[in-house]
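Q: Please take a close look at the side-chain contacts in this model, from the aromatic rings to the disulfides. A connected account would be most useful.

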Amino acid sequence: MKIASFLSSSATGTTAVLVFLTSMVRSTSAVAAPAAANDEYCPNDYTLERKLQHTMPDPQDAITIVSQDEDFVEFKVNQNYVLGSSLQAMYVNYRSEDRTYECESYEGLTPADSTSVMRAECSHTSHAAAVDVYIVDSAVTGSSPIPQCCHADPETTPANKVAHYVYLVQCKPTCPNPQSKSCDATSLDFNDLAKDQYIHDEWWNANGRGVKITAIGRQDDTRVRDQFTYTPLPLSSKPVGRPWTERYNHNSNGTSKGSATKNLHNRSGGAARVFDTAFPSKRFGNGRCSTSKWDGDDTLGSPNAKCPAGTPGKKTGYDYQAKKNIQGPGRGWGGQPGRTSTNCPSTPLGNVIIVQERSNNCGDHSYGGGSIVFEFNPNVVGAVDFHSVQILDMNKDVKVSAWVDGDNLNGNPSKEIVLTRKGTNALVDKTFNLSNNEDKLLGIRKVKFYSTNGFSISKIDYEPSVCSA
């Protein structure tokens, strides 16, 4: 039996809720090939069949259905049993699609929290699955036994404090007005964000997005960019030149963490910074940057300086050192016309996200590179088919690592793909999952982009497996 536990540090009190779900309606007929999921479903298409050995009230919206077909039903269990406090434990047991019973455990769910999405096998005669819910609470007077396969802790599960609910979950829509599923691909860019802000988990619970973004500076970088070092200065002071051996970590709000490091964005992971490609430096109107040629980064500008006249967003800047006008805002050989990754988009590119190089007001990607990681919320979008990515400024190879559903997200990835460098200021569009290539990223829970040089990501496209109504 599969056992999975989730612990919340906010769990308090002695209340425990144990949810035991079994597909009690069994069929002895041969297993048919899985039917295609219906485009319509009923979120509350279940009934409370009976209550056993307790007087607890009936919870509202105990179960939410996310997909229905003739063979399987996908659903979540909602923590609406005990309000006003966190649950000590929740155990979920159900008959899975391979006709085995699995038991998963959850700890610390707060009111209105939900379990992950589960996929239960349905009876081929009734097109339904039975769900048994066992609740342990100090206010309960009852003694229904909890199955041993759920491995409930006897010390926190008093035998005389168990309530038992039995639900029947429908596998075919029966409500009068089923909802339509909208599992369309998500095209995620960053143009509705404010430039220079930091983003991490703001979209974790957002319908259709369900993603957490993490930026991590390269941790094995020991190179020295300049042939000198300096004593770290307060953030209010500006160092001379572009010292490489001493840089500050940043917090999510851009302030210094206080200790000097070798260009590390944040050793433990942190937020990615939003960068406006129309204003990459002071030379092209970024008021947060100084006139130093090292402040900001025109390789992150778009469009490229060599793009034809009339290209949207092309403009003239001023080089404060050479004291002359220059074309931009994007500068670099990889994005010039005639290259394979020309940076001359028909509409302005707008915002990208970066691994911020150091803690200051002026945006600049990490010269030493690092990782930008996207993790997908299993309750909001599920495991996704990751279709494409657009990268700006790709002077070194970018390694793509992917973790599929069921992988240990802290372990080794199941898939690795290397994207070949295209040059400074190159605008690279990479499409995965084509029928004629092997670069397939299907059923993905986490994907990481890593390079030994600075880069940025302007958008990603992915298709959720859990759809928003």
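A: F190 is a suitable place to begin: its relative accessible area is 0%, so F190 is buried (under 20% relative accessible area; exposed is over 50% and partly exposed in between, with a 1.4 Å probe and protein chains only). The model is predicted: local features need pLDDT of at least 70, side-chain atom pairs count only at pLDDT 80 or more, and totals for chains, interfaces and linings use all residues. Residues are numbered from 1 along each chain as its sequence is written, and side-chain values use heavy atoms, leaving out hydrogens and water.

W203 is likewise buried, with a relative accessible area of 7%. Ring pairs are counted for Phe, Tyr and Trp (its six-membered ring) with centres within 6.5 Å; planes under 30 degrees apart are stacked, over 60 edge-to-face, and the rest tilted. The count in this model is 10 aromatic pairs. One of them joins F190 to W203 in a stacked arrangement, with 6.2 Å from centre to centre and 10° between the planes. F190 belongs to the loop between β13 (186-189) and β14 (198-199), and W203 to the loop between β14 and β15 (211-217), so this pair ties together parts that are 13 residues apart in sequence. The strands are DSSP runs (E, at least two residues), numbered from the N terminus.

Another aromatic pair, F386 with F449, is tilted, its centres 6.0 Å apart and its planes at 45°. Here the rings come from strands: F386 from β23 (residues 385-394) and F449 from β27 (residues 444-451), so parts 63 residues apart in sequence are tied together. Both F386 and F449 are buried. These two phenylalanines also belong to a cluster, in which ring pairs link F374, F376, F386, F432, F449 and Y462.

Covalent links come next. A search of the whole structure finds 4 disulfides (cysteine sulfur atoms within 2.5 Å). One of them is formed by C122 and C171, whose sulfur atoms are 1.7 Å apart. The torsion about the S-S bond of C122 and C171 is about -90°, and the disulfide is therefore left-handed. This pair links distant parts of the chain, 49 residues apart: C122 is in the loop between β8 (118-121) and β9 (128-136), and C171 is in the loop between β11 (161-170) and β12 (179-180). Both of these cysteines, C122 and C171, are buried.

A disulfide is also present between C289 and C362, with 1.9 Å between the sulfur atoms. The S-S torsion of C289 and C362 is about 75°, so this disulfide is right-handed. C289 lies in the loop between β18 (272-276) and β19 (315-319) and C362 in the loop between β21 (351-354) and β22 (370-376); the pair thus links distant parts of the chain, 73 residues apart. C289 and C362 are both buried.

C307 and C344 form a further disulfide, at 1.9 Å from S to S. For C307 and C344 the torsion about the S-S bond is about -95°, so the disulfide is left-handed. This pair too links distant parts of the chain, 37 residues apart, with C307 in the loop between β18 and β19 and C344 in the loop between β20 (324-328) and β21. C307 counts as buried because its relative accessibility is 1%, whereas C344, at 25%, counts as partly exposed.

Technical notes: Helix = DSSP H or I, 4+ residues; strand = E, 2+ residues; numbered from the N terminus.
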